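Visitor: I should like a close look at a single part of this structure. Please take one helix and describe its length, its buried residues and its surroundings.

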Amino acid sequence: MNTPNKLTVLRICLVPLFMVFLLLPQIPAHILLAAICFASASLTDLLDGSLARKNNQITNFGKFLDPLADKLLVTSALVCFVQMGLASAWIAMIIIAREFLVTSLRLIAAGSGTVIAANIWGKTKTVSQIVAIIAILLFNLFGAAPAPLALTGQILLWIAAALTIISGIQYVWAYREYIDTYK
C-alpha cells in the first residue's frame, strides 16, 4: 500500500477517535481535542491527494477509498452535531443523502469497470463541509457559542448543504448513463 492510501486509511482510523473526543465531555478540553483530530484528519485528505499526483501513485483503490474516508469523517461530525444540538437534522440528512446517492452511483459505475473520481464540485463540497465543521468546533470551544458565532456556524453549514446539493446534481447528470443502464 502506498503512502497516499495509508494516509486515507489513517483518516478513517481517526473517525472513532474524533467521535470519542467530541462526545465525551469528561475528557478535559474534549472539543479542542476533537477539533485537532478533525483538522488533522482533514489535512490527510489534502496531503494524500497531493502525494498521489506528485508521485504518480493514483490508484483505483485510492479513488474509491478517499471519498469514502471523507464521507465517514464528515457524516460522523454531523451525526455528533445533531446529537449535541449543534446542527439541524435537515442539514445532516441532505448531506448524508447526497453521499449515499453518489456512492451508489460510483458502485454502479464500478460494476461497469469505471471509477468515478472526485471532481472540482465534489472537492469544493468537501472543503465547505470541513470549514463549517471546524468553525462550529472552534466556536464551541469554551461552551455554547455566542449567538453571532452560532449563527455563523449555521450559515456555513447551509452553504455546505447547498454546495452538496449542487455537487450531487452535477454527479448524477455527468454519470446519468449508469443510471439509465438499469432501467
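Guide: The account below follows helix α6 and then the core to which it contributes. This is a predicted model, in which local features need pLDDT of at least 70 and side-chain atom pairs count only at pLDDT 80 or more, while totals for chains, interfaces and linings use all residues. Residues are numbered from 1 along each chain as its sequence is written, and side-chain values use heavy atoms, with hydrogens and water left out.

Helix α6 covers residues 147–174; helices are DSSP runs of H or I of at least four residues, numbered from the N terminus. Its 28 residues should span 40 Å at 1.5 Å a residue, and this agrees with the 40 Å between its end C-alpha atoms; the expected span is 1.5 Å times one less than the number of residues.

Buried residues (under 20% relative accessible area, 1.4 Å probe, protein chains only) of α6 are G153, L157, A160, A161, L163, T164, S167, G168 and Y171. Their cover includes α3 (60–84), α4 (89–111) and α5 (120–139).

Beyond its neighbours within four places in sequence, L157 is in contact (heavy atoms within 4.5 Å) with L78, L86, A87, I91, A132 and I136. L157 also appears, with F18, L22, F38, F81, I133 and L137, among the residues with the most contacts inside the largest nonpolar core, which has 30 residues. Such a core is a set of buried Ala, Val, Leu, Ile, Met, Phe, Trp, Tyr and Cys residues joined through side-chain atoms within 4.5 Å. Two or more residues come from each of α1 (3–23), α2 (30–54), α3, α4, α5 and α6. Apart from this core lies another, of six residues, including V102, L105, A109 and I116.

Notes:
Buried means under 20% relative accessible area, exposed over 50%, partly exposed in between (1.4 Å probe, protein chains only).
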